[in-house]
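Student: Could you take me through one part of this structure slowly? I'd like to see how a single spot fits in with everything around it.

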Amino acid sequence: MNNISIVLRDLEFSDTGKYTCHVKNPKENNLQHHATIFLQVVDRLEEVDNTVTLIILAVVGGVIGLLILVLLIKKLIIFILKKTQEKKKECLVSSSGNDNTENGLPGSKAEEKPPSKV
C-alpha cells in the first residue's frame, strides 16, 4: 500500500544513468514529490564470500562477551568481599565496647557501686 515501484526489464549497459521520478499526491492537494536515483547496469552480481568476515565478527563478539563476563565476576567478588569485611567490622565494634568497669575510670560502672562496708 502506498508503494511506488518501478520494474525495469531487459536492461542494457547504455541504460546506466540518473533517473528522476516525479509524483503528485492527491491526498496532499496534488503536492509534487520527486526522487532521483542513479542506476548502474552490471553484467551479473558477484557473490562475495563472507566467511572471513563472519569469523572475525564471531571472535570479536566472543572476546567482548568474555570481557563483560570477567568484569561482572570481578564486580561480584568485590561485592562479596566488602560484605564479608563489613560483617567482620560489625563483630569487632560490638565486642570492643567501652565498658571501663574494671579500671575504675570516670564514667565507668565501677563508680556506680556503693562502697563496700568494712
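Tutor: Let's look closely at the surroundings of valine 41, after a quick tour of the whole chain and before a look at the helix that follows.

Keep in mind that this is a predicted model. The protein chain averages a pLDDT of 79, and 74% of the residues score at least 70. Confidence peaks in helix 1, with a mean of 88, and it is lowest in helix 2 (residues 109-112), where the mean is 52. Where pLDDT is low, you shouldn't read the predicted coordinates in detail. So for helix 2, with its mean of 52, I'd leave the fine points alone.

Now the layout. The protein chain has 2 helices and 2 strands, and if you read along the sequence they come in the pattern β-β-α-α. Of its 118 residues, 3% count as buried. Its accessible surface comes to about 11,900 Å², and carbon and sulfur atoms hold 60% of that.

On to our spot. Valine 41 sits in the loop between strand 2 (31-39) and helix 1. Is valine 41 buried or exposed? Its relative accessible area is 14%, and buried means under 20%, so valine 41 counts as buried.

What does valine 41 touch, if we skip residues up to four places away in sequence? The list is Leu11, Glu12, Phe13, Asp15 and Thr16. Three of these partners come with a distance to valine 41, C-alpha to C-alpha. Phenylalanine 13 is 28 residues away along the chain, yet the separation in space is 5.4 Å. For glutamate 12, 29 residues away in sequence, the figure is 6.8 Å. Aspartate 15, 26 residues away, comes in at 6.9 Å. For the chain as a whole, take the contacts with a separation of 6 or more: 22% of them are between residues 24 or more positions apart.

Let's swap sides and look from phenylalanine 13, which lies in the segment before strand 1 (17-25). Leaving aside neighbours within four places in sequence, phenylalanine 13 is in contact with Val41, Val42 and Asp43. At 55% relative accessibility, phenylalanine 13 counts as exposed, because the cut-off for that word is over 50%. Glutamate 12 is found in the segment before strand 1 too, and with a relative accessible area of 51% it is also exposed.

While we're in that segment, have a look at aspartate 10, which lies there as well. Aspartate 10 is exposed, at 76% relative accessible area. What is phi for aspartate 10? The value is near 50°, which is positive in a residue other than glycine. Most residues other than glycine have a negative phi, so a positive one is worth a second glance.

Finally, follow the chain past valine 41's loop into helix 1, which covers residues 51-95. A UniProt annotation, from an unreviewed entry, marks residues 52-73 as "transmembrane region". In the model, residues 52-73 are 100% helix and 0% strand, with the end C-alpha atoms 31 Å apart. There's a nonpolar surface patch here of about 570 Å², made by Val52, Ile56, Val60, Ile64, Ile68 and Leu72. Take valine 60 as one example from the patch: it is found in helix 1, and at 43% relative accessibility it counts as partly exposed, because it falls between the 20% and 50% cut-offs.

So here's the pair to remember: valine 41 is buried at 14%, while its contact partner phenylalanine 13 is exposed at 55%.

How values were computed: Residues numbered from 1 in each chain as written. Predicted model: local features only at pLDDT ≥ 70, side-chain atom pairs only at ≥ 80, totals over all residues. Heavy atoms only, no water. Patch = residues over 30% accessible without salt bridge, like charges linked within 9 Å, V, L, I, M, F, W, Y side chains within 5 Å. Areas by Shrake-Rupley, 256 points an atom, 1.4 Å probe, with all protein chains shown as cover. Salt bridge = Lys/Arg side-chain N within 4 Å of Asp/Glu carboxyl O. Helix = DSSP H or I, 4+ residues; strand = E, 2+ residues; numbered from the N terminus. Buried < 20%, exposed > 50% of the residue type's maximum accessible area, 1.4 Å probe, protein only. UniProt positions renumbered as here; feature names shortened; annotations may be inferred. Contact = heavy atoms within 4.5 Å. pLDDT = per-residue confidence, 0-100.
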